[in-house]
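User: Could you take a close look at one part of this model for me? I'd like a walk through how the pieces around it fit together.

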Amino acid sequence: MSNSDFDIKYVANLARIKLSSDQESRLGAQLGDILGYVKKLEQLDINNVEPMAHAVPLHNVMRTDEIQPSLTNEEALANAPKKGNGLFVVPKIVE
Amino acid sequence: MILHELTIAELTAKLASKEVSSREAMHSCLDRIDAVDDRINAFISIDREDALGQAEAADVVLGQGANQNDQPLLGVPISLKDIFCVKNQPANCASKILGDFRSPYDGTVVQKLKEAGAVVFGRVNMDEFAMGSSTENSAFGRTCNPWDLDRVPGGSSGGCAAAVVAQECFGSIGTDTGGSIRQPSALCGCVGIKPTYGRVSRFGVVAFASSLDQVGPMARNVRDTATLLGAIAGHDSKDSTSVPIEVPDYVGGLDVNLEGIKLGLPKEFLGAGIDPEVQSVFEAALKQYEALGAEIQEVSLPHTEYGVATYYILATAEASANLARFDGIRYGDRVEGNDPFSLYCNTRGKGFGDEVKRRIILGTYVLSSGYYDAYYIRAQKVRSLIKQDFDQALSKVDALITPTVPYTAFKAGEKTDDPLQMYLSDIFTISCNLTGTCGVSLPCGFTSNPKLPVGLQLLGKPFGEQELLKIAYAYEQSTPWHKERVKL
């Protein structure tokens with residue numbers, strides 16, 4: 001669990017968050033401390049322990065495949081920062 | 001009679017006897033907010049017209065002879081954390097990124113409150129996206145602790161706790177992912193319960209960490225908290241993790257007899273740097289429980305010290321996935337870019353505050369290729385060990401008893417530069433979320449100088465809310481703490 005290779009620029013990019021250089025150094029140092037703290041978990045023997053994703057046993061929940069009331073196109077687009085022709089407008093994706 | 005000081009039980013009795021109207025009750029809250037909220041800053045915004053309209057509608061129903069037996073919250077003004085979706089109202093999660101978002105639908109908890117007759121009003125302050133323990137991480141300014149305005153109310157549901165204690169509403173609904181209901185309840189001096197995972201629907205609640213988040217009520221005493229929980233609990237087909245177990249009569253189950261009740265004192269909690277005054281208040285509470293007939297026995301939760309580290313891996317991992325939806329495409333503020341990638345980076349760089357950025361980046365890291373097993377899977381395994389500790393301890397006793405927080409409300413700014421110290425303030429509350437069990441915090445006394453509330457935490461078995469509320473109620477009724485009112 002070494003965190004010497006924690007690269008704030010790289011991870012912020014993966015997370016799609018633009019940081020200023022001041023934020024990079026401040027958040028980077030703070031995250032270094034936090035990663036140092038969570039190293040505690042290395043002290044434990046976790047062989048033969050099952051990982052736990054959820055507190056209660058989860059089952060797939062199905063309902064019958066039939067149309068139920070949902071948002072109208074207008075309602076779904078009401079909060080869109082940019083829209084047109086009943087669609088969300090985004091920057092060009094395909095060259 | 002000062003209306004805003006009443007408990008929910010007192011108010012519903014006066015509404016039923018027509019001594020007061022719901023409109024008057026709502027007005028008294030709005031007047032109180034006008035008088036004190038420039039100092040407290042619990043409310044981000046209020047739609048007054050809508051609130052008074054709901055109150056008038058409740059008065060019509062009351063006029064037709066309905067009462068709290070038909071609808072337990074009929075005519076009672078209840079505020080909501082800024083994380084719940086209410087149709088045509090804003091929901092910002094105290095963040096800039098949601099801009100002028102207005103929800104197109106009512107979440108299930110909101111729907112249930114309305115069905116119970118409540119006047120659902122206001123958006124109360126919180127740490128941005130429920131990430132924080134002090135309600136300082138808000139794009140709408142920090143909330144102040146009503147007992148000492150220089151101190152924090154706790155968080156992330158700090159606005160809920162402050163609004164309840166400052167008597168700006170009769171109750172409030174918050175969320176708890178690592179202690180966000182219980183910790184502010186303790187630091188402000190009200191009652192708050194984090195129900196068992198799956199007890200209350202999460203549909204229409206902005207997600208932070210989906211395997212840990214749970215909705216719960218906060219109020220001025222245990223009975224009111226029980227009334228609110230009864231109104232919002234229950235299975236919901238729109239939340240596949242909600243559990244189809246019948247909701248018991250929480251208020252009817254309240255009882256002052258604790259003969260034969262066993263309370264477990266986790267020995268690992270006692271060495272953990274508890275403030276001496278908090279320790280002595282807590283010890284007095286233990287004695288009171290013994291006087292009431294409960295038996296206190298020591299139990300062990302050997303993995304307690306790993307709770308915070310486990311939590312900050314799992315919660316941030318889940319948050320990094322959940323908060324991917326805030327990308328400037330479908331709702332919220334957008335900062336343009338030449339391509340989708342730069343649009344996302346610009347939007348999220350401008351819209352999220354520092355703590356949210358820290359957590360998303362941490363969560364992204366622990367899930368990233370090469371680190372997933374070392375951090376994420378390891379933390380999930382430690383979560384199993386923590387759960388086993390709880391299962392074993394709770395098989396021997398009816399509930400665990402601990403201080404809610406190792407200290408009282410801290411000064412604003414004291415921990416903002418040191419996120420790790422902030423995280424450690426959740427040390428006693430966090431395991432309850434990892435294990436998915438239920439926990440309640442209630443006032444158990446005050447420190448002397450300055451006078452600040454101390455919280456007592458009871459942790460119960462899965463779906464054991466009724467038993468937990470009973471154990472809390474018996475103590476509350478035998479002590480004066482719930483009657484203390486802050487002077488503002």
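**A helix pair and the sheet in chain B**

Analyst: Let's start with two helices in chain B of this predicted model. From α2(B), the residues B:S22, B:R23, B:A25, B:M26 and B:L30 meet B:R48, B:A51, B:L52, B:A55, B:E56, B:A58, B:D59 and B:L62 of α3(B). Sorted by class, the residues of this contact come out as 8 nonpolar, 1 polar and 4 charged. Helix α2 covers residues 22-40 of chain B and helix α3 covers residues 48-63 of chain B; they pack at about 155°, and their axes are 7 Å apart. Because angles over 145 degrees count as roughly antiparallel, α2(B) is roughly antiparallel to α3(B).

Now for the sheet. Chain B has an open sheet of 11 strands with mixed pairing, in the order β1-β3-β2-β4-β6-β5-β10-β11-β9-β7-β8. Its edge strands are β1 (43-45) and β8 (295-299) of chain B, each pairing on one side only. From one strand to the next, the twist averages 35°.

Zoom in on one pairing: strand β4 (residues 171-176) of chain B and strand β6 (residues 214-219) of chain B run antiparallel and are joined by 6 bridges. One of the residues involved is B:S172, whose bridge partner in β6(B) is B:M218. Helix α5 (residues 158-165) of chain B packs on the sheet and touches β1, β2, β3, β4, β5 and β6 of chain B, with its direction at about 160° to that of β4(B). Helix α13 (residues 372-396) of chain B also packs on the sheet, touching β7, β8 and β9 of chain B, and its direction makes about 145° with that of β7(B).

Strand β6 of chain B is also where you'll find B:G216. B:G216 counts as buried because it has 30 C-beta neighbours inside 10 Å. Leaving out residues up to four places away in sequence, B:G216 touches B:G174, B:D176, B:I181, B:G192, B:I193, B:K194, B:P195, B:V200 and B:L229.

Back to α13, since it turns up again where the chains meet. In that interface, 59 residues of chain B are in contact with 43 residues of chain A. On the chain B side, α10, α11, α12, α13 and α14 each supply at least two residues. The largest share, 12 residues, comes from α13(B). By class, the side of chain B that touches chain A has 27 nonpolar, 19 polar and 13 charged residues. So helix α13 of chain B packs on the sheet and also supplies the largest share of the side of chain B that touches chain A.

Methods:
Residues numbered from 1 in each chain as written. Chains lettered and ligands numbered in written order. Predicted model: local features only at pLDDT ≥ 70, side-chain atom pairs only at ≥ 80, totals over all residues. Pairing = 2+ DSSP bridges. Helix = DSSP H or I, 4+ residues; strand = E, 2+ residues; numbered from the N terminus. Axes fitted to C-alpha atoms, helices over the stretch in contact; angles between N-to-C directions. Contact = placed C-beta atoms within 7 Å. Nonpolar A, V, L, I, M, F, W, Y, C, P; charged D, E, K, R; others polar. Buried ≥ 20, exposed ≤ 12 C-beta atoms within 10 Å, placed from the backbone. Parallel < 35°, antiparallel > 145°, perpendicular 65-115°, else oblique.
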